[in-house]
Amino acid sequence: MEKEYLKWFLEARFGMFIHWGIYAIPARGEWVKQQESIPEGHYQAYFDTFNPIHYDPAAWARLARAAGMKYAVMTAKHHDGFCLFDSQYTDYKATNTPAKRDLIREYVDAFRAEGLKVGFYYSLLDWHHPDYPVAGDRIHPYRNKPEYQDHRGNLPRYVEYMHHQVEELLTNYGKIDVIWFDFSYDEMRGEAWRATELVQMVRRLQPGIVIDNRLGGNIKAREPEIYAGDFASPEQIIPPKGVTNEAGEPIPWEACITLNDHWGYAAWDKNWKSPRTVVRVLVECVSKGGNLLLNVGPTAKGEIPAECVEILSQVGKWMHRNGDSIYGCGHATMERPEWGRWTCKGNRLYAHILERGIGPINLRGLEGKIAYARLLADDSEIRLERPWNAAEYPDDAFLSFPTAELPDEWDTVVELVLK
């Protein structure tokens with residue numbers, strides 16, 4: 001049974017992920033400290049010089065809204081332990097850099113002002129905290145350094161710190177709509193994080209908040225743990241048939257996808273997805289009952305890269321014309337058509353026509369079931385007519401386009417109102 005507090009999330013369908021931190025200075029992605037085993041003293045230089053003089057979260061929020069996004073999730077703390085918010089439990093935070101600002105508070109205020117739902121990403125890992133264990137951890141940046149081979153840390157004390165920070169985030173910034181924990185692995189999962197207690201605190205502080213599934217529970221179980229989360233979070237992949245639980249019932253999910261090949265800013269990564277690809281990825285997610293959380297990685301100066309801005313602005317133009325086929329829509333109980341994909345909402349079916357093919361567009365099994373058809377982009381009529389050569393397909397309806405090419409080469413959306 002659908003949880004009432006998930007209703008907005010399932011209707012929104014499209015959100016902005018924001019990965020930002022001092023790793024934007026080396027500009028080789030958010031895992032750079034781990035991948036290059038950067039010594040603490042060297043990494044400290046990024047903290048000491050972090051000064052995003054062009055940070056304008058209001059501009060970010062306007063961009064997200066113009067792109068058709070309905071919510072955002074921003075990294076309050078990533079794996080390197082650096083906090084964009086003013087935590088009383090650490091000095092390793094933005095207010096102690098040359099920025100001297102609580103960057104999270106500004107983000108929250110700006111995105112709320114644009115009418116967007118607001119979420120926090122919070123890493124369960126912390127490569128900076130002295131109590132976070134190194135020895136035996138296959139992920140820690142210093143796992144192979146001899147001087148850390150006996151560093152066992154104090155996990156219970158670190159987990160206490162982590163709980164305190166989550167409490168701060170969910171107490172000091174007003175209503176928060178999403179909390180996105182990342183991530184569990186090996187023995188570091190579930191009750192290693194005191195996950196039951198953590199989720200109970202989260203629910204108490206923010207009734208109705210939506211929680212992801214990365215605390216280590218099994219969201220697909222018939223009786224999932226209390227900390228299993230509200231939605232599955234496939235990363236850099238779209239499930240072939242959506243996500244279902246062990247009983248075969250669909251469960252909420254959200255694909256998190258980068259615009260290039262990194263989450264954090266990577267100055268040399270120019271492998272950008274086209275606006276056409278983004279639109280088709282979004283449509284694929286919605287057609288399978290899922291959301292798309294699309295990432296941007298701002299620069300160390302606090303600017304979203306110009307390529308991202310251009311891509312999102314183009315996506316926004318498509319969403320302006322065709323958003324009704326995305327918001328509040330989900331999986332249609334019909335097999336995928338050879339010409340594209342279906343989304344649906346109530347008695348409205350949306351034909352996302354990606355391939356023109358030859359002749360009329362075949363709508364399998366819909367003969368006599370459609371009241372009218374229109375091009376969603378401008379509400380113009382699309383003719384439903386049975387062609388002379390379709391006698392062998394009595395159960396199928398047909399859309400007739402007067403042109404050899406589709407009106408929209410990315411995705412031509414036809415709204416079908418069912419009788």
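These are my notebook entries on a few features I looked up in this structure, which is a predicted model.

**Entry 1: cysteines**

I began with disulfides and found zero in the structure. I then looked at Cys-329, which takes part in no disulfide. The nearest cysteine sulfur to that of Cys-329 belongs to Cys-344 and is 7.0 Å away. A disulfide needs the two sulfur atoms within 2.5 Å. I also asked whether Cys-329 is buried or exposed. Cys-329 has a relative accessible area of 1%, so I put it down as buried. Cys-83 is buried too, because its relative accessibility is 0%.

**Entry 2: helices α4 and α5**

Next I turned to pairs of helices. I took α4, residues 57-66, and α5, residues 103-113. Their axes come within 8 Å and cross at roughly 40°. At that angle I call α4 and α5 oblique to each other. The crossing of this pair is right-handed.

Which residues meet here? From α4 I listed Pro-57, Ala-58, Trp-60, Ala-61 and Ala-64. From α5 I listed Glu-106, Tyr-107, Ala-110 and Phe-111. Sorted by class, the contact of α4 with α5 has eight nonpolar residues, one charged residue and no polar ones.

**Entry 3: helices α6 and α7**

The second pair was α6, residues 155-169, and α7, residues 195-205. The axes of α6 and α7 come within 10 Å and cross at roughly 15°. That angle makes α6 roughly parallel to α7. I noted a right-handed crossing for α6 and α7.

On the α6 side, the contact is made by Met-162, His-163, Val-166 and Glu-167. On the α7 side, I found Glu-197, Leu-198, Met-201, Val-202 and Leu-205. I counted these by class as six nonpolar, one polar and two charged.

**Entry 4: helices α8 and α9**

The third pair was α8, residues 275-287, and α9, residues 306-322. I read off a crossing angle of roughly 55°, with the axes coming within 9 Å. I therefore wrote α8 and α9 down as oblique to each other. α8 passes α9 in a right-handed crossing.

The residues of α8 in this contact are Pro-275, Val-278, Val-279, Leu-282 and Val-283. Those of α9 are Ile-311, Gln-314, Val-315, Trp-318 and Met-319. By class, I have nine nonpolar residues, one polar and no charged in the contact of α8 with α9.

I stayed in α9 to look at Asn-322, which has its place in that helix. Asn-322 counts as buried, because its relative accessibility is 1%. What does Asn-322 touch, once I leave aside its neighbours within four places in sequence? I found contacts with Leu-376, Ala-377, Asp-408 and Val-413.

**Entry 5: the loop around Ala-135**

I moved on to Ala-135, in the loop between β3, residues 117-123, and α6. Its relative accessible area is 15%, so Ala-135 counts as buried. I then looked at Gln-149, which is 14 residues from Ala-135 along the chain. The C-alpha atoms of Ala-135 and Gln-149 are separated by 5.2 Å. Leaving aside neighbours within four places in sequence, I found Ala-135 in contact with Tyr-148, Gln-149, Asp-150, His-151 and Arg-152.

**Entry 6: backbone angles**

Last, I checked the backbone. Before starting I wrote down that most residues other than glycine have a negative phi, and that most peptide bonds are trans.

Arg-13 has a phi near 70°, a positive value in a residue other than glycine. I found Arg-13 in the loop between α1, residues 7-12, and β1, residues 14-18. Is Arg-13 buried or exposed? Arg-13 is buried, because its relative accessible area is 6%.

Asp-186 also has a positive phi, of about 45°, although it is not a glycine. I placed Asp-186 in the loop between β4 and α7. With a relative accessible area of 40%, Asp-186 is partly exposed.

I looked at peptide bonds as well. The bond from Asp-182 to Phe-183 is cis, with omega near -10°. Phe-183 has its place in the loop between β4, residues 178-182, and α7.

Technical notes:
Residues are numbered from 1 along each chain as its sequence is written. This is a predicted model: local features need pLDDT of at least 70, side-chain atom pairs count only at pLDDT 80 or more; totals for chains, interfaces and linings use all residues. Side-chain values use heavy atoms; hydrogens and water are left out. Buried means under 20% relative accessible area, exposed over 50%, partly exposed in between (1.4 Å probe, protein chains only). Axes are lines fitted to C-alpha atoms, for helices over the stretch in contact, and angles run from 0 to 180 degrees between N-to-C directions. Helices (H or I, at least four residues) and strands (E, at least two) are DSSP runs, numbered from the N terminus. Angles under 35 degrees count as roughly parallel, over 145 as roughly antiparallel, 65 to 115 as roughly perpendicular and the rest as oblique. A crossing is left-handed if the near helix is turned anticlockwise from the far one by less than a right angle, and right-handed if clockwise. Contact means heavy atoms within 4.5 Å. Ala, Val, Leu, Ile, Met, Phe, Trp, Tyr, Cys and Pro count as nonpolar, Asp, Glu, Lys and Arg as charged, and the others, Gly among them, as polar.
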